[in-house]
Amino acid sequence: MTYLRRSWVSSANTTSCPFPLNNLPCGVFSTPDQRAHCGVAIGDHILDVTALEAAGILDFGGAFSAPTWNAFMASGAKIWAQLREQLTDMLAEGSAAQPQLAPFLVHQHAARLHMPFTVAEFTDFYAGRHHATNVGAMFRGPEHALPANWLHMPIGYNGRASSVVVSGTKVRRPWGQVKAPDESQPRFAPSARFDFELEVGAVVGSPSERPLTVEEADAHIFGYVLLNDWSARDIQAWEYQPLGPFKSKSTATTIGPWIVMKAALEPFRCAPPKRDVALLAHLQDPAPLSYDIELTAMLAPAGKRASQITSTNYRELYYTAAQQLAHHSSSGCPMRVGDLIGSGTISGATEESRGSLLELSWGGQAPITLHTGEQRGFLHDGDTVTLNGAARAESYTIGFGDCAGSLLPALKKPFKEI
């Protein structure tokens, strides 16, 4: 669908609106006088899907009775398509359902957004070649930037579902074991090199108990969210050999409040970057499975205006989400409804398209300058990082909403006194 679908919700009918009828992203919201419900964004409003089902206007077997999209996701791809079709018809300009649906609209300004789904497991990949090359050059030197296996399979690690939080949640600077190159012994201290990572997360909607082909894996993905995998680079540098990130990545992972369903992104399919090495058969691309999604990151010091510090695109990922999921399942690893697959940092080829401060400041050696005149090698206490994403057609935009988090100072004492 390459043209704007017009809605009787007039705010959804502009080229720049992130939530037109073509989008209908899935979220969970509450108001001061109402508990959390499932809803979809349309224009500057949210359509209360939970209330529509309770009123008998929609019938999905009680899938929306709990404030999470997991039960609906578990119903399968045919039901996903059915909901989109019904809502699209009822919200379309000229629909006879307007008087029936209008009372179920809530203005977004009056709503508080919550986690849109319950995260079963979280896996973070390292699928951006430019990012992997930059980081590898800093950690191991340019001649050993990419590990020998990197061009043959998507590299990842199992993260912590318990530390995934929704946009707007404050993040506290962590303590950890760090060691500077000129120090003989490590020390336990607050991270001084705390960072963000500009990522997109794939949300698994269909479970599996066996290895999936890339094509099957793509069909198992319900939708996508913006994702910031906060990273303590000094803790990471000391701990990552030989098993990779651990504490350095477990402080928090922030996701956006809206799941953009895969169906909304179909017009923006594109091919991933050209392969230097032919992939093994089980990882090869059966079709263009990447997306043209513009991504930005803004940084605002406490109480001050934000500066855009990077701009990149999802299509820069060397491995698509479907390839990541297929690789994950290839050992027979069961995948669950609500599994979250992080893309890894998405960086472009240019300096201004790097997706982390580690890269933007080249390990702190070349701090970036904000609009305020302040410089940043890594994040300062009080800084707010906001990610945004948009797939743009000529007449409409598919937006993801903001994915934001602010950094609180480290605790003065990390352990509770006994």
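These legends go with a set of close-up views of one predicted model.

**View 1. Two separate nonpolar cores.**
The largest nonpolar core has 62 residues, and Phe-196, Tyr-224, Leu-265 and Tyr-314 are the ones that touch the most other members. Take Leu-265 as a way in: leaving aside residues up to four places away in sequence, Leu-265 touches Tyr-224, Val-260, Tyr-291, Ile-293, Ala-391, Ile-398 and Phe-400. Apart from this core lies another one, made of 45 residues, and its members include Ala-51, Phe-72, Leu-105 and Phe-122.

**View 2. A five-stranded open sheet.**
Read across this open sheet and the 5 strands come in the order β4-β3-β2-β1-β5, paired antiparallel. At the edges stand β4 (105-107) and β5 (112-114); each has a single partner strand, so one side of each is left without a neighbour in the sheet. From one strand to the next, the twist averages 45°.
Now zoom in on the β4 edge. Strand β3 (residues 45-48) runs antiparallel to β4, and 3 bridges join the two. One pair to look for here is a histidine facing a histidine: His-45 stands opposite His-107 in β4.

**View 3. Helix α3 from end to end.**
Helix α3 covers residues 77-91, which makes 15 residues. From its first C-alpha to its last, α3 reaches 21 Å, close to the 21 Å expected at 1.5 Å a residue. Which residues of α3 are buried? They are Trp-80, Leu-83, Arg-84, Leu-87, Thr-88, Met-90 and Leu-91, so-called greasy side chains aside, with an arginine and a threonine on the list.

**View 4. Helix α9 and what covers it.**
Helix α9 (residues 321-329) has 8 of its 9 residues buried, so α9 is largely enclosed by the rest of the structure. The buried ones are Ala-321, Ala-322, Gln-323, Gln-324, Leu-325, Ala-326, His-328 and Ser-329. What covers them? For the buried residues of α9, the cover includes the strands β6 (122-125), β7 (156-158), β13 (198-204), β14 (221-229) and β22 (340-342), along with helix α6 (214-220).

**View 5. Ser-330, in the loop after α9.**
Ser-330 sits in the loop between α9 and β22. Buried or exposed? With a relative accessibility of 33%, Ser-330 counts as partly exposed. Not counting residues up to four places away in sequence, Ser-330 touches Pro-211 and His-282. For a sense of scale, Ser-330 and Phe-415 are 85 residues apart in sequence, and their C-alpha atoms are 41 Å apart in space.

**View 6. Ser-290, a buried serine in a strand.**
Ser-290 belongs to strand β19 (residues 290-291) and counts as buried, at 1% relative accessibility. Its contacts, not counting residues up to four places away in sequence, are Phe-268, Arg-269, Cys-270, Ala-271, Pro-272, Tyr-314, Arg-315 and Thr-320. Tyr-314 also turned up in the first view, among the residues that touch the most other members of the largest nonpolar core.

**View 7. Cysteines without a disulfide.**
The structure holds 0 disulfides. Why does Cys-17 have no such bond? The closest cysteine sulfur, in Cys-26, is 16 Å from the sulfur of Cys-17, too far for a bond. Cys-403 also has Cys-26 as the holder of its closest cysteine sulfur, at 17 Å, again too far for a bond. Cys-17 is buried, with a relative accessible area of 7%, and Cys-403 counts as buried at 1% relative accessibility.

Key:
Residues numbered from 1 in each chain as written. Predicted model: local features only at pLDDT ≥ 70, side-chain atom pairs only at ≥ 80, totals over all residues. Heavy atoms only, no water. Core = buried A, V, L, I, M, F, W, Y, C linked by side-chain atoms within 4.5 Å. Buried < 20%, exposed > 50% of the residue type's maximum accessible area, 1.4 Å probe, protein only. Contact = heavy atoms within 4.5 Å. Pairing = 2+ DSSP bridges. Helix = DSSP H or I, 4+ residues; strand = E, 2+ residues; numbered from the N terminus. Axes fitted to C-alpha atoms, helices over the stretch in contact; angles between N-to-C directions. Expected span 1.5 Å × (residues − 1). Disulfide = S-S within 2.5 Å.
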